[in-house]
Amino acid sequence: MSCNIVIVDDHLLIAKAISSVIEQFKSYSVLYEVENGKELIDKFKLKKNIPDIVLLDISMPVMDGFETATWLKQYHPVVKVVVLTMQGDDASLVKMIKAGAISYLNKNVHPAELQKALNAVNEKGFYYPDWATSRILHALANNEDEYLVKLTEREIEFLRYSCTEMTYSEIGKKMFCSGRTIESYRDSLFEKLNVKTRTALALYAVKIGLHKL
């Protein structure tokens, strides 16, 4: 089954080039390209225009990537947001992830890594290249106390595994426990951290330095 993608980028030639690359990937197709978040919202008025993934730039006129990601998180949380931008600064990276982005890529990314990222987003729920993960940790390293929550040893272990590309089933095997137990760890962390997605769990783990096994 094909995964539908929409590209939001104010540079039409770049958007078309990205579209051409993605169309070469097996099981992916591009529905359309728009130049900013406002145009995306207009398109979303028709159900047939709502994709599985939004490939989102940050710097755009009218409605930028931050505003667009925030709107999608509020009104279409099921739609996966993958950032593809030239902005590699720490502030933009952290802000976009907090706005709901589940992957952050630079526009000079190799097509093979773009495909890898899309596959991971579909299969695992998120994808961050090593440079992005290390920058998030560096940016938030001095603010750890703000994020500290009392967790059990098993919850911490589960949190570490959540930062990998393992499925929940694979994590259960590593922790020698059932799927139901894994779900209980996940739900407990969701409640304690006031989050709703695995991506948010991974972000928290990065914030407090628990992302390495």
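## Helix 4 and the glycine after it

Gly-100, which comes after helix 4, has a positive phi near 120 degrees, in a model that is predicted. Within helix 4 itself, which covers residues 90–98, the buried residues are Ser-92, Leu-93, Val-94, Met-96 and Ile-97.

## Positive phi outside glycine

Most residues other than glycine have a negative phi. Ser-27 departs from this pattern, since its phi is positive at about 75 degrees although the residue is not a glycine. Ser-27 belongs to the loop that runs between helix 1 (12–22) and strand 2 (28–34), and with a relative accessible area of 39% it is partly exposed.

Phe-176 is also a residue other than glycine with a positive phi, here near 55 degrees. Its place is in the loop between helix 8 and helix 9, the latter spanning 179–193, and at 75% relative accessibility Phe-176 counts as exposed.

## Aromatic pairs

A pair of aromatic rings is described by the distance of the centres and the angle of the planes. The count of aromatic pairs in this model comes to 6. One of them joins Phe-126 and Tyr-128, whose rings lie 5.8 Å apart from centre to centre with 35 degrees between the planes, a tilted arrangement. Both partners are assigned to the buried class, Phe-126 with a relative accessible area of 7% and Tyr-128 with a relative accessibility of 14%.

Phe-158 and Tyr-168 form a pair with ring centres 6.0 Å apart and planes at 20 degrees, and because planes under 30 degrees apart count as stacked, this pair is classed as stacked. The pair links distant parts of the chain, with Phe-158 in helix 7 (residues 153–162) and Tyr-168 in helix 8 (residues 168–174), 10 residues apart. The two partners differ in accessibility: Phe-158 is buried, with a relative accessible area of 0%, whereas Tyr-168 is partly exposed, with a relative accessible area of 26%. Elsewhere, Phe-44, Trp-71 and Tyr-75 are linked by ring pairs into a cluster.

## Charged groups over rings

Tyr-168, the partly exposed partner in the stacked pair, also has a charged group over its ring, for the charged end of Arg-198 sits there at 5.2 Å from the ring centre. A second arrangement of this kind involves Tyr-32, where Lys-43 lies over the face of the ring at 4.9 Å from its centre.

## Surroundings of Ser-162

Ser-162 lies in helix 7, the helix that also holds Phe-158, and Ser-162 is buried, with a relative accessible area of 0%. When its neighbours within four places in sequence are left aside, Ser-162 is in contact with Phe-126, Ile-171, Arg-198, Leu-201 and Ala-202. Two of these contacts return to residues described above, namely Phe-126 of the tilted pair and Arg-198, whose charged end sits over the ring of Tyr-168.

## Arg-180 in helix 9

Arg-180 lies in helix 9, and a relative accessible area of 69% places this residue in the exposed class. The C-alpha atoms of Arg-180 and Ser-169 are separated by 9.9 Å, with the two residues 11 residues apart along the chain.

Definitions and conventions:
Residues numbered from 1 in each chain as written. Predicted model: local features only at pLDDT ≥ 70, side-chain atom pairs only at ≥ 80, totals over all residues. Heavy atoms only, no water. Phe/Tyr/Trp six-rings, centres within 6.5 Å; stacked < 30°, edge-to-face > 60°. Buried < 20%, exposed > 50% of the residue type's maximum accessible area, 1.4 Å probe, protein only. Helix = DSSP H or I, 4+ residues; strand = E, 2+ residues; numbered from the N terminus. Lys NZ or Arg CZ within 6 Å of the ring centre and 35° of its normal. Contact = heavy atoms within 4.5 Å.
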